[in-house]
Amino acid sequence: MKRTTVRRAGVVALALTSVMGLGATAQADAQRLASSCGASFCLYEHDDYAGVEQEFLFTSNNTCANVTTLNNKASSMRNPSAGRIQFYNSANCSGSYGYAAAPRSADSDLTNNGFDNLTSSIKRVSP
Ligand SMILES: [Ca+2]
Ligand SMILES: [Ca+2]
């Protein structure tokens, strides 16, 4: 009798873990969909477009925007715009840019571009 009870308890625990796992995945998917970039350009705190999102609206080329919330924190980006986006390590787009995102592109990890957690300002230029 005692053995049966223990075994049943084990099964219940497994089932609960499984449900929790599914819930976490669904939550991550929902978060990813909700954070899809509807602006000119979007930066994300973490790889794979996760964490805090900062959106930018560019109305013309050769315009500089300082990164505020995600200054030195951006790890991935989406550029749905028709312009090229240049990334600067300094504020006010001073100095030379370190990385440029092609029009209509996305990068799930800026590490391989040597620009993880560095971006302080961005500028949209003509492609
Ligand atoms: Ca980051
Ligand atoms: Ca910087």
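**Calcium sites and disulfides**

Q: What is the relative accessibility of Leu118?
A: Buried means under 20% relative accessible area, exposed over 50%, and partly exposed in between (1.4 Å probe, protein chains only). Leu118 counts as partly exposed because its relative accessibility is 28%.

Q: What kind of model is this?
A: Residues are numbered from 1 along each chain as its sequence is written, while chains are lettered from A and ligands numbered from 1 in the order in which they are written. Side-chain values use heavy atoms, with hydrogens and water left out, and local features need pLDDT of at least 70, side-chain atom pairs count only at pLDDT 80 or more, and totals for chains, interfaces and linings use all residues, this being a predicted model.

Q: Which atom of Ser120 is a donor of the calcium ion (ligand 2)?
A: Donors are N, O and S atoms within 2.8 Å of the metal (3.2 Å for Na, K and Ca); water is not among the atoms, so sites may look incomplete. The protein donors of this ion lie 2.3 to 2.4 Å from it and include Asn72 (OD1), Leu118 (O) and both O and OD1 of Asn89. Ser120 counts as buried, at 8% relative accessibility. Its donor atom is OG.

Q: How many residues apart are Glu45 and Asn117?
A: The calcium ion (ligand 1) has Glu45 (O), Lys73 (O), Ser75 (OG) and Asn117 (OD1) as its protein donors. Glu45 and Asn117 link distant parts of the chain: Glu45 lies in strand S1 (residues 41–46) and Asn117 in the loop between strand S7 (105–107) and strand S8 (121–125). Strands (E, at least two residues) are DSSP runs, numbered from the N terminus. The separation of Glu45 and Asn117 in residues is 72.

Q: What handedness has the disulfide of Cys37 and Cys42?
A: A disulfide is a pair of cysteine sulfur atoms within 2.5 Å, and the S to S distance of Cys37 and Cys42 is 2.0 Å. Cys37 is buried at 15% relative accessibility, as is Cys42 at 0%. Because the torsion about the S-S bond is about 80°, the disulfide is right-handed.

Q: Which cysteine forms a disulfide with Cys64?
A: Cys64, in strand S3 (residues 63–66), is bonded to a cysteine in the loop between strand S5 (84–88) and strand S6 (99–101), so the pair ties together parts that are 29 residues apart in sequence. Cys64 is partly exposed at 32%, whereas its partner is buried at 9%. The sulfur atoms are 2.1 Å apart, and the partner is Cys93.

How values were computed. Helix = DSSP H or I, 4+ residues; strand = E, 2+ residues; numbered from the N terminus.
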